[in-house]
Every structure is written in structure tokens, then in C-alpha cells.
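Colleague: I would like to learn how to read a model of this kind, one feature at a time. Where should we begin?

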Amino acid sequence: MIHGSKLACPEKSSMVNKLKLLCDELDIGKESGDRSTASGFSVSLSRAKYVVKGHIVRFDKVWSNIGNDYNPQSGVYTSPKNGVYHFSCTVMSAGKKAIRVSLWKNNLKTVTSYSYHHYSGTLNLVLHLKKGDKVCIKQDYHENYIHSEPKFNYSMFSGFLIS
């Protein structure tokens, strides 16, 4: 029952409970460290490497891994929940060597970056992922040299949950 502009106690209680349920469904009001709201990583190569065509590039230097959803041993990021994600990768070549890498979502190649002769190639992509989807960077062609140095970390891969 509504009296003027004020709600009676039973209606207030019902509305508050409905709002709490809605916020829980949307993950609103959770602490920033809560597993359900935070997922992101930034990784780089600690040294130059050759990667065989079709193989995953394993970025081994972990700068951040919020939620521990990136596995540096496999080079694969696993989506912790349904949502919209942003991914970026920059790779550098050196000398007369080249590198071509692609971002893969599960078994689907999405976008590709190419770099040759001391230049960097970058890719960026926003993807809708389902819980458990896998994202990685694979070496894509016969060009196979990725340049990096311990002091400079020229080649890197990152991603994060937007919403």
C-alpha cells in the first residue's frame, strides 16, 4: 500500500529484496577482489624465442594475473564467466626476421598481426566470451622469430573483463 509518496514497510522490504537479487545477478556491489568481478592479465616474453607454426606463444613474464585465469605454462587465458573482454598483443621482430601471430578464441582464428625488420605489430580485439572459453596467441606462418629482451619486454599479451 502506498501512502502519499512513502511506501509502506512491506512494499519497501519487497523492493529492497528485489534490488539485492538484481545486484547479485549483475555482480554490482561486490568488493574489487571478489572472484566474480575481476579478471585480467598482462604478460610478456622475458627473452627472444622461435615459435613453431601453429604453436601457442607462451608469454612467461607475468606482470599481473588478477583471478589467475592466464596460465603461463600453457599460454592460455580461460574466461571465468560470460562477458565482454578486451585483448591486446604486441610482438616485435628483429633484423631481417619476421613474425606473424593470431589471436585465437577456442578453435577460431580471429585477428592477425605481422611484424618485420625491427618493427612491432599489434592487435586489439573486443570479444564476447562464455565461461570456459580459451584465448591464446598462436604463431601463424613460417615466420617464427619473436624479439624481446629482459630489460625491455618488447613483446606482450594482455586481456581483461570489461563487463
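Modeller: Begin with the order of the elements. Read from the start of the sequence, the pattern is β-β-α-β-β-β-β-β-β-β-β-β-β-β. The protein holds one helix and 13 strands. Keep in mind that this is a predicted model.

Colleague: What share of the residues counts as buried?

Modeller: The protein has 163 residues, and 38% of them count as buried. Its accessible surface is about 9700 Å², with 57% of that belonging to carbon and sulfur atoms.

Colleague: How should I read the sequence range of the contacts?

Modeller: Take the contacts between residues at least 6 apart in sequence, then look at the part that spans at least 24. Here 66% of those contacts join residues at least 24 apart.

Colleague: Now a single residue. Is Ser44 buried or exposed?

Modeller: Ser44 is buried, because its relative accessibility is 0% and the cut-off for buried is under 20%. Ser44 sits in strand 3, which covers residues 40–44.

Colleague: Which side chains make polar contacts with the side chain of Ser44?

Modeller: One is the side chain of Trp63, at 2.9 Å. Another is the side chain of Asn153, at 3.1 Å. Beyond four places in sequence, Ser44 touches Phe59, Asp60, Lys61, Trp63, Asn153, Ser155 and Met156. Trp63 and Asn153 therefore appear both as polar partners and in the contact list, where a contact means heavy atoms within 4.5 Å.

Colleague: And Asn65, where does that residue lie?

Modeller: Asn65 lies in strand 5, residues 61–66. Asn65 has a relative accessible area of 17% and is therefore buried. Apart from residues up to four places away in sequence, Asn65 touches Gly40, Phe41 and Tyr70.

Colleague: What lies 2.8 Å from a polar atom of the Asn65 side chain?

Modeller: The backbone oxygen of Tyr70 does. So Tyr70 is a residue that Asn65 touches, and a polar pair links the two, since the cut-off for such a pair is within 3.5 Å. For distance through space, take Asn65 and Ala38: they are 27 residues apart in sequence, with their C-alpha atoms 10.0 Å apart.

Colleague: How do I read a salt bridge?

Modeller: Find the pair of charged side chains, then ask where each partner sits and how much of it is covered. The count here is one salt bridge. The side chains of Asp140 and Lys109 form it, at 3.2 Å from N to O. Asp140 belongs to strand 12 (residues 134–146) and Lys109 to strand 10, so the pair ties together parts that are 31 residues apart in sequence.

Colleague: Which partner is buried and which is partly exposed?

Modeller: Asp140 is buried, with a relative accessible area of 15%. Lys109 is partly exposed, at 39%.

Colleague: What about disulfides: how many does the structure hold?

Modeller: A disulfide is a covalent bond between the sulfur atoms of two cysteines. The structure holds zero disulfides. Cys89 is buried, with a relative accessibility of 1%. Cys136 is also buried, at 6%.

Colleague: Which residues have a positive phi without being glycine?

Modeller: One is Asn68, with phi near 55°. Asn68 lies in the loop between strand 5 and strand 6 (70–71). Asn68 counts as exposed, because its relative accessibility is 61% and exposed means over 50%. Another is His118, whose phi is about 65°. His118 is in the loop between strand 10 (108–116) and strand 11 (120–129). At 46% relative accessibility, His118 is partly exposed.

Colleague: Last, the surface. Which residues make the nonpolar patch?

Modeller: Val126, Phe160 and Ile162 make a nonpolar surface patch of about 270 Å². Phe160 is located in strand 13, residues 156–161. With a relative accessibility of 41%, Phe160 is partly exposed. Phe160 can therefore belong to a patch, since patch residues need over 30% relative accessible area.

Terms used: Residues numbered from 1 in each chain as written. Predicted model: local features only at pLDDT ≥ 70, side-chain atom pairs only at ≥ 80, totals over all residues. Heavy atoms only, no water. Helix = DSSP H or I, 4+ residues; strand = E, 2+ residues; numbered from the N terminus. Buried < 20%, exposed > 50% of the residue type's maximum accessible area, 1.4 Å probe, protein only. Polar contact = N/O pair within 3.5 Å; in protein donor to acceptor, adjacent residues only side chain to side chain. Patch = residues over 30% accessible without salt bridge, like charges linked within 9 Å, V, L, I, M, F, W, Y side chains within 5 Å. Areas by Shrake-Rupley, 256 points an atom, 1.4 Å probe, with all protein chains shown as cover. Salt bridge = Lys/Arg side-chain N within 4 Å of Asp/Glu carboxyl O. Disulfide = S-S within 2.5 Å.
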